[in-house]
Amino acid sequence: MIPSIFLALSAFSLAFTQAEQAPYEKKHAACVEKSVRKSWTDLTATEKQNYIDADLCLMSLPAKAEIPGATSRWDELQYAHAAQVRYIHGVGAFLPFHRYFVAVHDHLIREECDYKGPLPYWDEPSDVGAIGSSSLFSGTPSFGGNGTGKLNCIADGPFKDVVLHFKEDLSTTETCISRMLNDFSFAAAAQENIDDCLAQKTYEDVWRCIEGKPHSAGHGGVLGTMINVMLSPGDPVFYLHHGYLDRVWYEWQSRNLSTRLTEISGGNTPSFSFPPGFNTSFPPGGPPFGGGNGSAPPFGGGAGGGGFNISMPGPDPRFEDYFFDGGNVTTLNHTLWSAGILENVTIADVMDPEGGFVCADFRIPASEA
């Protein structure tokens with residue numbers, strides 16, 4: 001067996017080698033048939049099952065991007081997020097990157113797993129105060145419920161036996177999808193916080209607002225794998241959470257499309273550790289981010305599991321020089337990278353999500369635009 005440290009070094013080497021390739025490799029077909037975005041609660045039982053089956057398909061498909069340690073397409077997605085975590089959080093590219101990343105996942109389930117249904121998002125404000133009874137985690141079909149045991153591995157549902165393979169240093173392990181559902185941290189998903197973001201006047205303000213309370217609510221409310229800033233895409237709920245945040249951003253854009261489809265700003269390296277509004281206080285009678293079982297997640301998460309991990313790796317110029325912004329200010333020319341899973345695009349290619357690479361139909365009611 002290859003020692004994990006050599007796999008880690010090989011993985012980082014691959015990341016940097018790929019990041020030094022040509023910055024722009026757009027190859028995807030033109031937007032013809034849009035991917036309809038719908039709330040999970042609006043899907044039929046058949047549509048929900050088909051979507052879950054598509055994710056299970058990605059978890060079973062062999063890896064293709066030649067990433068050391070990856071055994072499946074699902075592993076490759078988790079790697080792509082972890083390898084560049086410093087440059088996709090707390091930066092101007094936060095919203096565009098995650099729009100791109102949700103679209104990469106969407107393209108994979110459609111092109112490689114023959115998924116034909118709506119792309120669901122998690123309508124999070126509707127579950128505030130009752131995350132444990134959300135149809136996302138209960139009912140049939142669903143993503144399974146809370147975690148149990150020392151590692152808080154999910155104990156039911158279609159993903160209970162899924163094995164994740166990457167650690168924070170990109171070496172490999174075997175671990176479960178873990179969760180510690182809690183209403184305390186999830187309270188930040190309240191509609192009043194969404195409305196506050198939608199009222200912001202500039203891109204920089206709306207980005208910081210969305211990355212603050214709404215973003216932290218979904219990750220902190222689910223905890224486990226989802227609270228690990230590097231490895232959170234291991235839980236399939238990640239894509240519904242970020243699909244919802246992308247919808248919020250597009251709703252904000254829709255209120256002034258002529259300006260906001262080209263408005264971007266911010267830096268390319270993190271300007272804060274905790275996004276503004278990230279809830280780090282103690283819940284009444286409990287430790288930070290107390291789970292439904294009354295315990296707190298272990299700090300660090302070094303085994304690649306559900307540890308509370310929001311620390312950023314150190315800077316590396318091989319990523320920072322790759323963005324092609326001409327400096328530390330995020331521009332429309334900024335390169336978005338998915339570790340060779342799909343082609344690179346620029347931020348300009350994803351600013352209008354109803355065309356181009358994303359090719360989505362958000363169905364934003366006229367009253368909300």
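**Exercise 1. Start with the charges: how many salt bridges does the count come to?**

Solution. The count comes to 13 salt bridges. Keep in mind that this is a predicted model. The next exercises pick out a few of these pairs.

**Exercise 2. Find the salt bridge between Arg-37 and Asp-246, and work out which parts of the chain the pair ties together.**

Solution. Step one is the contact itself: the side chains of Arg-37 and Asp-246 meet at 3.7 Å, N to O, inside the 4 Å cut-off for a salt bridge. Step two is to place the partners. Arg-37 sits in strand S1 and Asp-246 in helix H8, residues 237-254, so the pair ties together parts that are 209 residues apart in sequence. Step three is to check burial: Arg-37 is buried, and Asp-246 is buried too.

**Exercise 3. Trace the salt bridges of Arg-73, then say which residues join into one network.**

Solution. Begin inside helix H3, residues 73-83, where Glu-76 and Arg-73 both lie, three residues apart, or about one turn of the helix. Their side chains meet in a salt bridge at 2.8 Å, N to O.

Now look at how covered these two are. Glu-76 has a relative accessible area of 0%, so it's buried. Arg-73, at 3% relative accessibility, counts as buried as well.

Next, follow Arg-73 to another partner. Arg-73 also forms a salt bridge with Glu-112, with the closest N and O atoms 2.7 Å apart. This pair links distant parts of the chain: Arg-73 is in helix H3, while Glu-112 is in the loop between H4 and strand S2 (119-121), 39 residues apart. Glu-112 is partly exposed, with a relative accessible area of 24%.

Put the shared partners together and you get one network made of Lys-64, Arg-73, Glu-76 and Glu-112.

**Exercise 4. Glu-263 is buried yet has no salt bridge. What is the nearest side chain of opposite charge, and how far away is it?**

Solution. First find the residue: Glu-263 is in the loop between helix H9 (257-260) and helix H10 (317-320). The nearest side chain of opposite charge is Arg-260, 4.6 Å away. A salt bridge needs a distance within 4 Å, so Glu-263 goes without one. Then see what the side chain of Glu-263 does reach: the backbone nitrogen of Tyr-203, at 2.8 Å.

**Exercise 5. Is Met-180 buried or exposed?**

Solution. Locate Met-180 in the loop between strand S6 (172-175) and helix H5 (183-186). Its relative accessible area is 3%; the cut-off for buried is under 20%, so Met-180 is buried. For a long-range neighbour to look at, take Ile-227: the C-alpha atoms of Met-180 and Ile-227 are 9.7 Å apart, with their positions 47 residues apart along the chain.

**Exercise 6. Describe the largest pocket: its space, its lining, and which element gives the most to that lining.**

Solution. The largest pocket holds about 490 Å³ of space. It is lined by 22 residues, and the closest to its centre are Glu-33, Lys-34, Ser-35, His-107 and Arg-110. Two elements give two or more residues to the lining, strand S1 (35-39) and helix H4 (94-111). H4 gives the most, with four residues. Finally, sort the lining by type: ten nonpolar, five polar and seven charged.

Terms used. Residues numbered from 1 in each chain as written. Predicted model: local features only at pLDDT ≥ 70, side-chain atom pairs only at ≥ 80, totals over all residues. Heavy atoms only, no water. 1 Å grid on protein atoms, 1.4 Å probe; cavity = no way out; pocket = protein on both sides within 12 Å on 5 of 7 lines; lining within 4 Å. Points joined across faces, edges and corners; volume = space filled by probe spheres on them. Nonpolar A, V, L, I, M, F, W, Y, C, P; charged D, E, K, R; others polar. Buried < 20%, exposed > 50% of the residue type's maximum accessible area, 1.4 Å probe, protein only. Lys, Arg positive; Asp, Glu negative; His and termini not counted. Polar contact = N/O pair within 3.5 Å; in protein donor to acceptor, adjacent residues only side chain to side chain.
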